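Thanks for making the time. Here is the structure I wanted to walk through today.

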Amino acid sequence: MTLNASQTSFCGINDSTVTLNASPAGGVFSGPGVVNGVFDPSIAGLGNHTLRYTFTSGSCATFDQLVMTVNEVPTVTASPDVTVVYGT
């Protein structure tokens with residue numbers, strides 16, 4: 001069984017959603033921020049989130065996990081604007 005996503009690290013909660021992929025098909029995705037097989041960092045929030053894909057065949061079930069990381073966007077503080085006059 002495989003579980004993967006095109007992106008596992010996100011730059012803030014406003015980053016794009018990503019569709020989860022798994023094989024064999026027909027299982028269930030679960031975890032923070034997962035809605036209909038799509039991971040949404042705005043729902044999951046900041047931090048590391050373990051997602052699970054569970055596949056059941058008959059009375060046997062198996063699963064795979066994937067960690068998605070939603071990082072805080074760094075803030076930048078600059079000094080006040082300065083005007084430089086050349087030639088004086």
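I will go from the overall build to the sheets, then to the rings, and end with two backbone details.

First, a caution: this is a predicted model. Everything I quote is computed from it.

Start with the inventory. The protein has eight strands and one helix. Read from the N terminus, the order is β-β-β-β-β-β-α-β-β. So six strands come before the helix, and two follow it, if you go by the DSSP runs that define these elements.

Now the overall dimensions. What radius of gyration does the protein have, against that of a compact globule of 88 residues? The protein has 21 Å, where such a globule would be near 12 Å. The box tells you about the proportions. Along the principal axes, the C-alpha atoms fill roughly 85 × 20 × 15 Å. As for burial, 24% of the 88 residues count as buried. Contacts are worth a look too. Take those between residues at least 6 apart in sequence: 47% of them join residues at least 24 apart.

On to the sheets. In general, the strands of a sheet pair through backbone hydrogen bonds, and the pairing is parallel or antiparallel.

One open sheet has four strands, in the order β1-β3-β6-β5. Its pairing is antiparallel. Which strands sit at the edges? They are β1, residues 2-5, and β5, and each pairs on one side only. Inside this sheet, β3 and β6 are joined by two bridges, again antiparallel. Look at Valine 18: it stands opposite phenylalanine 39 in β6. Keep phenylalanine 39 in mind. It returns with the rings.

Another open sheet also has four strands. The order here is β2-β8-β7-β4, and the pairing is mixed. β2 and β4 are the edge strands, with a partner on one side only. Ignoring direction, neighbouring strands of this sheet are turned by 25° against each other on average. How many bridges join β7 to β8? There are 11, and the two strands run antiparallel. One example of a facing pair is threonine 50, whose bridge partner in β8 is valine 67.

Next, the aromatic rings. A ring pair is described by two numbers, the distance of the centres and the angle of the planes. This model has two aromatic pairs.

Take phenylalanine 10 and phenylalanine 39. Their ring centres are 5.2 Å apart and their planes stand at 45°, so this pair is tilted. Why tilted? Planes under 30 degrees apart would count as stacked and over 60 as edge-to-face, so 45° falls into the rest. The partners come from distant parts of the chain. Phenylalanine 10 is in strand β2, phenylalanine 39 is in strand β6, and 29 residues separate them. Recall that β2 belongs to the mixed sheet, while β6 belongs to the antiparallel one. Buried or exposed? Phenylalanine 10 is buried, at 1% relative accessibility. Phenylalanine 39 is buried as well, at 0%.

Then phenylalanine 29 and tyrosine 53. Here the centres lie 4.8 Å apart, and the planes are at 45°, so this pair is tilted too. Phenylalanine 29 sits in strand β4 and tyrosine 53 in strand β7, so the pair ties together parts 24 residues apart in sequence. The accessibilities differ in class. Tyrosine 53 is buried at 2%, whereas phenylalanine 29 is partly exposed at 23%.

One more ring contact, this time with a charge. The charged end of arginine 52 sits over the ring of phenylalanine 63. It is 3.6 Å from the ring centre.

Finally, the backbone. Most peptide bonds are trans, and most residues other than glycine have a negative phi. Two places here depart from that. The bond from serine 23 to proline 24 is cis, with omega near 0°. Proline 24 lies in the loop between β3 and β4. Asparagine 36 has a positive phi of about 50°, and it is not a glycine. Where is asparagine 36 found? It is in the loop between β5 and β6. Asparagine 36 is exposed, with a relative accessible area of 78%.

Its neighbour in number, valine 35, is in strand β5. Valine 35 is partly exposed, at 41% relative accessibility. From valine 35 to glutamine 65, the C-alpha separation is 16 Å, over 30 residues of chain.

Key:
Residues are numbered from 1 along each chain as its sequence is written. This is a predicted model: local features need pLDDT of at least 70, side-chain atom pairs count only at pLDDT 80 or more; totals for chains, interfaces and linings use all residues. Side-chain values use heavy atoms; hydrogens and water are left out. Rings of Phe, Tyr and Trp (its six-membered ring) pair if their centres lie within 6.5 Å; planes under 30 degrees apart count as stacked, over 60 as edge-to-face and the rest as tilted. Buried means under 20% relative accessible area, exposed over 50%, partly exposed in between (1.4 Å probe, protein chains only). A charge sits over a ring if NZ of Lys or CZ of Arg is within 6 Å of the ring centre and within 35 degrees of the ring normal. Two strands pair if DSSP finds at least two bridges between them. Axes are lines fitted to C-alpha atoms, for helices over the stretch in contact, and angles run from 0 to 180 degrees between N-to-C directions. The radius of gyration is taken over C-alpha atoms; the globule rule is 2.2 Å times the number of residues to the power 0.38. Contact means heavy atoms within 4.5 Å.
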